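Hi,

Here is the structure I promised to pass on to you. Have a look at it first, and then read on for what I found.

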Amino acid sequence: MSAELDELYQSIILDQNRRPQNFHKMEDASGHADGLNPMCGDQVTVWVKVEGDKLVDVSFVGQGCSISKASASLMTAAVKGKTKAEAEQLYEDFHALVTGKSDGAHLGRLKAFGGVSRFPLRVKCASLAWHAMKAALESGEGTVSTEPHAP
Ligand code: ZN
């Protein structure tokens with residue numbers, strides 16, 4: 001990745017971290033899930049509102065490193081208005097990007113997270129909110145952790 005691109009992507013992450021999108025609780029959600037990444041101390045709660053097959057609204061609150069927060073922010077923006085199937089496809093595409101299996105050519109601003117594939121611990125930060133979104137969609141509620149044996 002070129003230095004200019006690295007810089008562009010870093011500024012996207014910093015900007016999302018400073019001014020996260022959809023950063024609020026949701027009263028009339030159809031599901032929510034908590035995500036925990038004890039390796040870094042990231043916590044996120046994701047709410048989804050589904051009507052028919054569509055995610056009409058997505059929001060989150062959380063605290064943690066700038067990668068986890070920026071990723072949660074861009075995740076909500078990316079899946080809002082999509083169908084469940086489209087959201088799950090995005091989850092797969094994003095996961096392929098952050099694990100270095102894809103260059104995420106069609107992922108727009110989400111490509112800012114491509115660099116984390118070089119840092120295995122950061123992959124958990126970047127994918128935390130996505131796991132929580134998927135859990136909220138599938139079960140309606142629950143907690144996901146990046147560490148299977150975490151409390
Ligand atoms: Zn983190």
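In which loop is Glu27 found? Glu27 sits in the loop between helix H1 (3-18) and S1. Before we go on, keep in mind that this is a predicted model.

While you have Glu27 on screen, check its surroundings. With a relative accessible area of 78%, Glu27 is exposed, because anything over 50% counts as such. Now find Trp47: Glu27 and Trp47 are 20 residues apart in sequence, and their C-alpha atoms are 9.0 Å apart in space.

Next, the sheet. Four strands make up an open sheet, in the order S3-S2-S1-S4, and the pairing is mixed. S3 and strand S4 (143-145) are the edge strands, each pairing on one side only. On average, neighbouring strands of this sheet are turned by 20° against each other, ignoring direction. A bit of background: strands of a sheet pair through backbone hydrogen bonds, and they can do so parallel or antiparallel.

Let's walk through the strands one pair at a time. Strand S1 (residues 31-37) pairs with strand S2 (residues 42-51) in the antiparallel sense, over seven bridges. For one example, look at Gly31, whose bridge partner in S2 is Val48. S1 and S2 form a hairpin with four residues between them, and in that turn Gly41 has a positive phi of about 90°.

S2 also pairs with strand S3 (residues 54-63), again in the antiparallel sense, over nine bridges. Two bridges to look up here: Lys49 has Asp57 as its partner in S3, and Glu51 has Lys54. The hairpin of S2 and S3 has two residues between the strands, and Gly52 takes a positive phi near 65° there.

Now for the metal. Which residues are the protein donors of the zinc ion? They are Cys40, Cys65 and Cys125, each through SG, plus Asp42, which is listed twice through OD; these donors lie 2.1 to 2.7 Å from the zinc ion. Along the sequence, the donor residues are spaced C-x1-D-x22-C-x59-C.

Is Asp42 buried or exposed? Asp42 has 1% relative accessibility, so it counts as buried, the cut-off being under 20%. Cys40, on the other hand, counts as partly exposed because its relative accessibility is 35%, which falls between the 20% and 50% limits.

On to the helices. Helix H2 (residues 66-79) lies across S2 and S3, and runs at about 170° to S3. H2 also meets H4: their axes come within 8 Å and cross at roughly 35°, and this crossing is right-handed. On the H2 side, the residues in contact include Ile67, Ala72 and Met75, while those on the H4 side include Cys125, Ala129 and Trp130. You have already met Cys125 as one of the zinc donors.

Finally, look at helix H3 (residues 84-98) and helix H4 (residues 120-139). Their axes come within 10 Å and cross at roughly 160°. Angles over 145 degrees count as roughly antiparallel, so that is how H3 and H4 run relative to each other. The crossing of H3 and H4 is left-handed. Among the H3 residues that meet H4 are Leu90, Tyr91 and Phe94, and among their counterparts in H4 are Trp130, Met133 and Leu137. Trp130 and Met133 also appear in the contacts of H4 with H2.

Have fun exploring!

Technical notes
Residues numbered from 1 in each chain as written. Predicted model: local features only at pLDDT ≥ 70, side-chain atom pairs only at ≥ 80, totals over all residues. Heavy atoms only, no water. Pairing = 2+ DSSP bridges. Donors = N, O, S within 2.8 Å, 3.2 Å for Na, K, Ca; no water. Buried < 20%, exposed > 50% of the residue type's maximum accessible area, 1.4 Å probe, protein only. Axes fitted to C-alpha atoms, helices over the stretch in contact; angles between N-to-C directions. Parallel < 35°, antiparallel > 145°, perpendicular 65-115°, else oblique. Left-handed = near helix turned anticlockwise from the far one by under 90°. Contact = heavy atoms within 4.5 Å.
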